[in-house]
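Trainee: I would like a close look at the empty spaces in this protein, meaning its pockets and cavities and the residues around them. Could you take me through them in one connected account?

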Amino acid sequence: MITVDKKQPILQISNISKVYSSGFQALKCVNLDIHKGEIFALLGPNGAGKTTLISIICGISNASTGTIMIDGHDIVRDYRASRSLVGLVPQELTTDAFETVWGTVSFSRGLFGKPPNPTHIEKILKDLSLWEKRHNKIITLSGGMKRRLLIAKALSHEPSVLFLDEPSAGVDVDLRRDMWHLVRNLKDSGVTVILTTHYINEAEEMADRIGVMRKGEIILVKDKVELMRDFGKKKLSLELQTPLRQIPAELLMYHLELSRDGSELIYTYDAQDERVSIAEFLKRLCDVGVQFRDLRTNQSSLEEIFVSLVREES
């Protein structure tokens, strides 16, 4: 494993805006630093500006204002050097249908001025379970295999920063497993991985930091652990010995939920709030004659936090 300084930004996005000729503003003064060797998940609803931002970083589209530096290289003034540091796996399955798997991955490497390296290409294809298909024409591949091929092409020139734009969209379980195993290995080798995904549970499992976009703006960037701690809620679910028809008036201050059949009482609370005392709450239940036979707790998922953040910004 390569040791990297995660506080050192490899990607610096400063005051990036994008306004189309129609007048629509897709990005509004976006500022973001991505650290070397981290997995950064960029989340947001459709139309939030995620793909637009990635397209600008990768040189596919131009920003209206602002600057972007990749490992010290300005993407406009030093386009060739900055672009060679980036690999992109786009959402769309766009490949030359009549080229072979080996040929198109090798060609992608050559586009960046890299000398032939059959050993590296072989490793990529084996890591992505494409080795047996290396002589096949792309037109003969399944959708999942084509998705693997896009990842192989993005890794062909050994980029320092890899963008995965909705990489799990429409892929099978095997590819998803292989892909995340590969991402972990890339991180261990020092590659910075930036992903957008609708599978928020994957971001929760994989990411070091989370960024949330809404209507062309970054509304939050936080370490995943801090995000879960600061915005997460806990739920205490109580299985009652005797079902309730309604919540007793003495307990209304706790804003409890009662299941439809009255057999379960749910208390949602902020675990970071020092004023919350579960012991006091349970004592209050006993005082009003509410008895329970079992209890369980669970923490908010990243998906629940994400939905609440986006709703608050609506």
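**Pockets and cavities in the predicted model**

Mentor: In this predicted model, 44% of the 314 residues of the chain count as buried, and the chain is built from 10 helices and 14 strands. Among the contacts in the chain with a separation of 6 or more, 71% are made by residues 24 or more positions apart. The accessible surface comes to about 16,500 Å², and carbon and sulfur atoms hold 49% of that area.

With that background, we can turn to the open spaces. The largest pocket encloses about 320 Å³, and its lining consists of H120, K123, I124, D127, L155, E158, P159, L182, N185, L186, S189 and V191. Two elements, α4 (118-127) and α6 (173-188), each give two or more residues to this lining. Of these, α4 provides the largest share, with 4 residues. Sorted by class, the lining of the largest pocket contains 6 nonpolar, 3 polar and 3 charged residues.

The second largest pocket has a volume of about 260 Å³. It is lined by 14 residues, and those closest to its centre are R83, L88, S108, K153 and A154. Three elements supply two or more residues each to the lining of this second pocket, namely β6 (86-89), α3 (101-111) and α5 (143-155). By class, its lining divides into 8 nonpolar, 4 polar and 2 charged residues.

The closed spaces come next, and the structure holds 2 cavities of 30 Å³ or more. The largest cavity holds about 50 Å³ of space, and the residues around it are L11, I13, L32, I34, F40, L42, L53, I54, I57, F163 and I194. At least two residues of that lining come from each of β1 (9-19), β2 (25-35), β3 (39-43) and α1 (50-57), and α1 makes the largest contribution, with 3 residues. When the lining of the largest cavity is sorted by class, it has 11 nonpolar residues, with no polar and no charged ones.

The second largest cavity has a volume of about 40 Å³, and its lining is made up of I57, C58, G59, I70, I75, Y79, S82, R83 and V86. Helix α2 (residues 79-84) gives the largest share of this lining, 3 residues. The lining of the second largest cavity divides into 6 nonpolar, 2 polar and 1 charged residue. Two of the residues named here have appeared already: I57 lines the second largest cavity and is also listed in the lining of the largest cavity, while R83 lines the second largest cavity and is among the residues closest to the centre of the second largest pocket.

Since C58 belongs to the lining of the second largest cavity, a word on the cysteines may be useful at the bench. A disulfide is a covalent bond between the sulfur atoms of two cysteines, and the structure holds 0 disulfides. Two further cysteines can be placed by their accessibility: C29 is partly exposed, with a relative accessible area of 43%, whereas C286 counts as exposed because its relative accessible area of 53% lies over the 50% cut-off.

Conventions:
Residues are numbered from 1 along each chain as its sequence is written. This is a predicted model: local features need pLDDT of at least 70, side-chain atom pairs count only at pLDDT 80 or more; totals for chains, interfaces and linings use all residues. Side-chain values use heavy atoms; hydrogens and water are left out. On a 1 Å grid over the protein atoms alone, a cavity is a set of points where a 1.4 Å probe fits but cannot get out, and a pocket is an open set with protein on both sides within 12 Å along at least five of seven lines; lining residues have an atom within 4 Å of a point. Grid points are joined across faces, edges and corners, and a volume is the space filled by probe spheres set on the points. Ala, Val, Leu, Ile, Met, Phe, Trp, Tyr, Cys and Pro count as nonpolar, Asp, Glu, Lys and Arg as charged, and the others, Gly among them, as polar. A disulfide is a pair of cysteine sulfur atoms within 2.5 Å. Buried means under 20% relative accessible area, exposed over 50%, partly exposed in between (1.4 Å probe, protein chains only). Contact means heavy atoms within 4.5 Å. Accessible areas come from the Shrake-Rupley method with a 1.4 Å probe; for residues, only the protein chains shown count as cover.
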